[in-house]
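Here are my comments on the model, set out as numbered points. They take up the charged pairs and then the helix packing.

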Amino acid sequence: MATQAKKPGGGMTVAEAGRMGGKLVSEKYGAEFYEKIGKKGGSSTAERYGPEFFGKIGRKGGKAVSEKYGAGHFERIGRRGGQKVASLVERAKHLEAEGVEKPEPEPRPEESIGA
């Protein structure tokens, strides 16, 4: 790919520059920044294309995953998720029975970026 070729004089590739820039942004602003801009992008996309768009791309993605991993893939990951939830519920019951207090969940900031 042309974006992977080294520039004359030993410069970095486009991919290397992107990776470096992404790392710097992540270090400067943190993970919350990406969450905020993702929500902003999702809201903008929903306004522009409507909620049906997400259903359409979700079906398209699900079909691609099914073709790649087989129809049983969703059954397997669903079973694994269910087992994980069941084990967490059991763990919480045991901790509660032992008198261990449940930690309060950390509040999530609901502020939006930019307007």
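1. K39 has a relative accessible area of 42% and is therefore partly exposed. The model is a predicted one, and in it the side chain of K39 meets that of E35 in a salt bridge, with 3.4 Å from N to O. E35 is likewise assigned to the partly exposed class, its relative accessible area being 33%. Because K39 and E35 are four residues apart in helix α2, about one helical turn separates them. An α-helix has 3.6 residues a turn, so residues three or four places apart point the same way.

2. How many salt bridges does a search of the whole structure find? The search returns three, and besides the pair in α2 they include one between R79 and E75, whose closest N and O atoms are 2.8 Å apart. Both R79 and E75 belong to helix α4, which covers residues 72-97, and they sit four residues apart, or about one turn of the helix. R79 counts as partly exposed, with a relative accessibility of 45%, whereas E75, at 51%, counts as exposed; the cut-off for the exposed class is over 50%.

3. Helix α4 also holds K93 and E90, which are three residues apart, about one turn of the helix. Their side chains form a salt bridge with an N to O distance of 3.8 Å, a value to be read against the limit of 4 Å used for such a bridge. E90 is partly exposed, its relative accessible area being 39%.

4. Turning to the packing, helix α1, residues 14-29, packs against α2 at an angle of about 105°, and their axes are 6 Å apart. Since angles of 65 to 115 degrees are classed as roughly perpendicular, α1 is roughly perpendicular to α2. On the α1 side the contact is made by G22, V25, S26 and Y29, and on the α2 side by A31, E32, F33 and Y34. Sorted by class, this contact of α1 with α2 comprises five nonpolar, two polar and one charged residues.

5. How do the axes of α2 and α3 cross, and which residues make the contact? The axes of helix α2 (residues 31-49) and helix α3 (residues 51-69) come within 6 Å and cross at roughly 105°, which makes α2 roughly perpendicular to α3. From α2, the residues in contact are G42, T45, A46 and Y49, and these meet P51, E52, F53 and F54 of α3. The contact of α2 with α3 has five nonpolar, two polar and one charged residues by class.

6. The geometry of α2 itself can be checked against its length: at 1.5 Å a residue, its 19 residues should span 27 Å, and this agrees with its end C-alpha atoms, which are 27 Å apart. Just after α2, G50 adopts a positive phi of about 85°.

7. For the pair α3 and α4, the packing angle is about 95° and the axes are 8 Å apart, so these two helices are roughly perpendicular to each other. The contact draws on G62, V65, S66 and Y69 from α3, together with H73, F74 and R76 from α4. By class, the contact of α3 with α4 has three nonpolar, three polar and one charged residues.

Definitions and conventions. Residues numbered from 1 in each chain as written. Predicted model: local features only at pLDDT ≥ 70, side-chain atom pairs only at ≥ 80, totals over all residues. Heavy atoms only, no water. Axes fitted to C-alpha atoms, helices over the stretch in contact; angles between N-to-C directions. Parallel < 35°, antiparallel > 145°, perpendicular 65-115°, else oblique. Contact = heavy atoms within 4.5 Å. Nonpolar A, V, L, I, M, F, W, Y, C, P; charged D, E, K, R; others polar. Expected span 1.5 Å × (residues − 1). Buried < 20%, exposed > 50% of the residue type's maximum accessible area, 1.4 Å probe, protein only.
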